[in-house]
Amino acid sequence: MTVGRLLRTARQTLRDAGLRGCLLVRDLDTGDELGLDVDVALPVASLVKVPLAVATVDRIERGELDGATGVTVAPGRVRTPGPTGLSRFRHPATVAIDDLLYLSVAISDEGASDALFALTPPPMVADTLRRFGIDGISVRHRTRDLTDTPAERLAPEVHLAHALAASATTAGQGHPIAQLDVARANAGSARAFVDLLHALWRPSRIPPGVAARVRELMGDNLLRQRLAPDFSSDASRWSSKTGTLLNLRHEVGVVEHADGQAYAVAALSESAVPAAVQPQAEAALAQVARELHDALRAARR
């Protein structure tokens, strides 16, 4: 199959599932890549926890923070389904910074992430990315703001929030829901996140100790419903971070094969279907990401 036909088929697969997808797969050794709308910025939801982890671990490595320091986190009292960990606690809990990092990345814990953002605010995270030469990711607010959406305010009638999310995006990527407006939300493109993954998995301006710790955290990701079924096997390791909010379904990660080849994958998508549970969309996103990966991998043989 030609590249042009592959990309046309990929777009159709996503459209059939009600998705607009921005995907990029890059061979981390050759730099060869395949993608769709790779420079289109979308709100990134929980993907922002990867830059947050980079900045926090960097501060630990430089001695500005002690990973063993305990932080007391207030209960989240979140009413809507989805958030995990400390966000659903009913009582305050004291957790070490190192363990907050694990909770933030591995189970996408909003409470743990906000405790880290209190130590390293969004502008400091953004400055860290710039210092490491990573462009195209805007870090503007804490993760707590992710839960302050119409889904929370309209509970239990959350279907109304999903209908608004799916139908109200403007041509310029504006949106009445702040978390879905690229000018106000934490935002980034598939290319920007692949650049970040490339810098974490291959020598770069990111210090080796920082990169190794963030790779370890992403390898511990427990949310495996999106791309993991298509990238995990006995002969490959999939390390990733998901991002889910209203009609957004994202995942970024790296697949490392037993033969030594490694590919960075960024799959960002927004759905036009006003529903919270969309297994067809999850499957279609993974299918397209895998097909792009397989085409690149076949080209090296």
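Which residues have the most contacts inside the largest nonpolar core? In this predicted model, they are Leu 100, Leu 196 and Leu 200, and the core to which they belong has 59 residues. Helix α8 supplies the largest share of this core, with nine residues. A further core, of 26 residues, lies apart from it and includes Val 25, Ala 228, Phe 231 and Ala 289.

The surroundings of Leu 100 may be taken next. Leaving aside residues up to four places away in sequence, Leu 100 touches Val 71, Val 73, Leu 86, Val 95, Ala 112, Ala 115 and Leu 116. Several names in that list lead to helix α4, which spans residues 110-119. Of the ten residues in α4, eight are buried, and the helix is thus described as mostly covered. The buried residues are Glu 110, Gly 111, Ala 112, Ser 113, Asp 114, Ala 115, Leu 116 and Phe 117. They pack against α2 (49-61), β4 (70-73), α3 (97-106) and α5 (122-131).

From the helices the description passes to the sheet. Five strands form an open sheet in the order β2-β1-β10-β9-β8, and their pairing is antiparallel. Strands β2 (33-36) and β8 (236-245) occupy the edges; each has a single partner strand, so one side of each lacks a neighbour in the sheet. From one strand to the next, the twist averages 10°.

Two helices lie across this sheet. Helix α8 (residues 190-201) crosses β1, β2, β8, β9 (248-257) and β10 (262-271), running at about 30° to β1. Helix α1 (residues 3-16) lies across β1 and β2, and runs at about 40° to β2.

The pairing of β1 with β2 can be followed residue by residue. The two strands run antiparallel and are joined by four bridges. They form a hairpin with five residues between them, and Gly 31 in the turn has a positive phi of about 80°. Leu 23 has Leu 36 of β2 as its bridge partner, while Val 25 stands opposite Leu 34 in β2. Which residues of β2 point to one face and are buried? They are Leu 34 and Leu 36, whereas Glu 33 and Gly 35 point to the other face and are not buried.

Glu 33 also introduces the charged contacts of the model, which holds 21 salt bridges. Glu 33 forms one of these with Arg 26, the closest N and O atoms being 2.8 Å apart. The partners differ in burial class: Arg 26 counts as buried because its relative accessibility is 8%, under the 20% limit, while Glu 33 is partly exposed, with a relative accessible area of 28%.

A second salt bridge joins Arg 300 to Asp 27, with an N to O distance of 3.0 Å. This pair links distant parts of the chain, since Arg 300 lies in the segment after α11 (279-299) and Asp 27 lies in strand β1 (residues 19-27), 273 residues apart. Is Asp 27 buried or exposed? Asp 27 counts as buried, at 1% relative accessibility, whereas Arg 300 is partly exposed, with a relative accessible area of 35%.

A third example lies within one helix. The side chains of Asp 294 and Arg 290 meet in a salt bridge of 2.8 Å, N to O. Both residues belong to helix α11 and are four residues apart, about one turn of the helix. An α-helix has 3.6 residues a turn, so residues three or four places apart point the same way. Both members of the pair are partly exposed, Asp 294 with a relative accessible area of 33% and Arg 290 at 24% relative accessibility. Elsewhere, salt bridges that share partners join Arg 26, Glu 33, Asp 39, Arg 191 and Asp 195 into one network.

The aromatic residues complete the account. How many aromatic pairs are counted? The count comes to one. The pair consists of Phe 231 and Trp 238, whose ring centres are 4.8 Å apart and whose planes meet at 20°, so the pair is stacked. Both Phe 231 and Trp 238 are buried, and Phe 231 is among the residues of the 26-residue core.

Note on methods
Residues are numbered from 1 along each chain as its sequence is written. This is a predicted model: local features need pLDDT of at least 70, side-chain atom pairs count only at pLDDT 80 or more; totals for chains, interfaces and linings use all residues. Side-chain values use heavy atoms; hydrogens and water are left out. A salt bridge is a side-chain nitrogen of Lys or Arg within 4 Å of a carboxyl oxygen of Asp or Glu. Buried means under 20% relative accessible area, exposed over 50%, partly exposed in between (1.4 Å probe, protein chains only). Two strands pair if DSSP finds at least two bridges between them. Axes are lines fitted to C-alpha atoms, for helices over the stretch in contact, and angles run from 0 to 180 degrees between N-to-C directions. Contact means heavy atoms within 4.5 Å. A nonpolar core is a set of buried Ala, Val, Leu, Ile, Met, Phe, Trp, Tyr and Cys residues joined through side-chain atoms within 4.5 Å. Rings of Phe, Tyr and Trp (its six-membered ring) pair if their centres lie within 6.5 Å; planes under 30 degrees apart count as stacked, over 60 as edge-to-face and the rest as tilted.
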